[in-house]
Amino acid sequence: MTQTELNYAVVLYELTIEEDKIKTAEECFKNVPMLKEILANPTVENEKKWNIIERVFPQEMHSFLKKVSDSNRMEGIENIFKAYYDYKRQQEGIIRAELFYVTVPSEEQKQGFVTFVKKEYGCRGVELQLKEDKNLLGGFLLKIGNIEYDYSLMGRIHTLRQQLIRR
């Protein structure tokens, strides 16, 4: 992700466009990949691009998407949306965490993970994504950014193996 894409994401956040309008625009790009190709194509006239934007996307997104298109940055629109959501979470004090498991955790266990992350990182909220991973054999793996809390059976086997190799 480039600094320019991050800058566009901050601008999108500061425009205070309703999130459902942003999600609608994002879905349009996901569902019709040709949209990005046309809007990123330098041989297509800006007026034609603007007409497409005005017909397809929510009105609140028009000026932003026109600016992205005019600046020849439409190739990075997916990164701009991703950076927008990351920046929004950051501004709201929300941390994104991934919980890998073998057995689906109970509501009480999920709440325990949320409480742990809030306490450890001093955040207001946690966006906890659950992902099944049978390779763990048992236990769980909690990932927050680049940090992993590995309490899986596979992780313990790996640690034991490393200790035995060092002897």
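Start by selecting Phe29 in this predicted model. Beyond its neighbours within four places in sequence, Phe29 is in contact with Leu35, Lys36, Leu39, Phe57, Leu65, Met74, Ile77 and Phe81.

Next, expand the selection to the core around this residue. Phe29, Phe57, Met61 and Phe81 have the most contacts inside the largest nonpolar core, which has 25 residues. At least two residues of this core come from each of helix H1 (3-14), helix H2 (19-31), helix H3 (33-40), helix H4 (46-56), helix H5 (62-70) and helix H6 (77-91). Colour H6 separately: with six residues, H6 gives the most to this core.

Now look for a second core. Apart from the largest one lies another core, of 11 residues, and Ile95, Ala97, Val114 and Leu142 are among them.

Select helix H7, residues 107-121. How far apart are the end C-alpha atoms of H7? They are 21 Å apart, and this agrees with the 21 Å that 15 residues should span at 1.5 Å a residue. Show the side chains of Lys110, Phe113, Val114 and Val117, which are buried in H7. Turn the view to look down the axis of H7: the buried residues fall within an arc of 95 degrees, so they line one face of the helix. As a general point, an α-helix has 3.6 residues a turn, so residues three or four places apart point the same way.

Which strands do the buried residues of H7 pack against? Select strand E1 (94-101), strand E2 (125-132) and strand E3 (139-144) to see these partners. Then rotate to the face of H7 turned away from its buried side, where Glu108 and Lys119 are exposed. Step just past the end of H7 to Gly122, which takes a positive phi of about 60 degrees.

Finally, zoom out to the whole chain. The protein chain has eight helices and four strands, and along the sequence they follow the pattern α-α-α-α-α-α-β-α-β-β-β-α. What is the radius of gyration of the protein chain? The value is 21 Å, well over the 15 Å that the globule rule gives for 167 residues, so the chain is more spread out than a compact globule. Aligned along the principal axes, the C-alpha atoms fill a box of roughly 70 × 35 × 25 Å.

Colour by burial to see the 35% of the 167 residues that count as buried. A surface display shows an accessible area of about 10800 Å², with 49% belonging to carbon and sulfur atoms. In a contact map, among contacts between residues at least 6 apart in sequence, 65% join residues at least 24 apart.

Methods. Residues are numbered from 1 along each chain as its sequence is written. This is a predicted model: local features need pLDDT of at least 70, side-chain atom pairs count only at pLDDT 80 or more; totals for chains, interfaces and linings use all residues. Side-chain values use heavy atoms; hydrogens and water are left out. The expected span of a helix is 1.5 Å times one less than its number of residues. Buried means under 20% relative accessible area, exposed over 50%, partly exposed in between (1.4 Å probe, protein chains only). The arc is that of the directions from the helix axis to the C-beta atoms. Contact means heavy atoms within 4.5 Å. A nonpolar core is a set of buried Ala, Val, Leu, Ile, Met, Phe, Trp, Tyr and Cys residues joined through side-chain atoms within 4.5 Å. The radius of gyration is taken over C-alpha atoms; the globule rule is 2.2 Å times the number of residues to the power 0.38. Accessible areas come from the Shrake-Rupley method with a 1.4 Å probe; for residues, only the protein chains shown count as cover.
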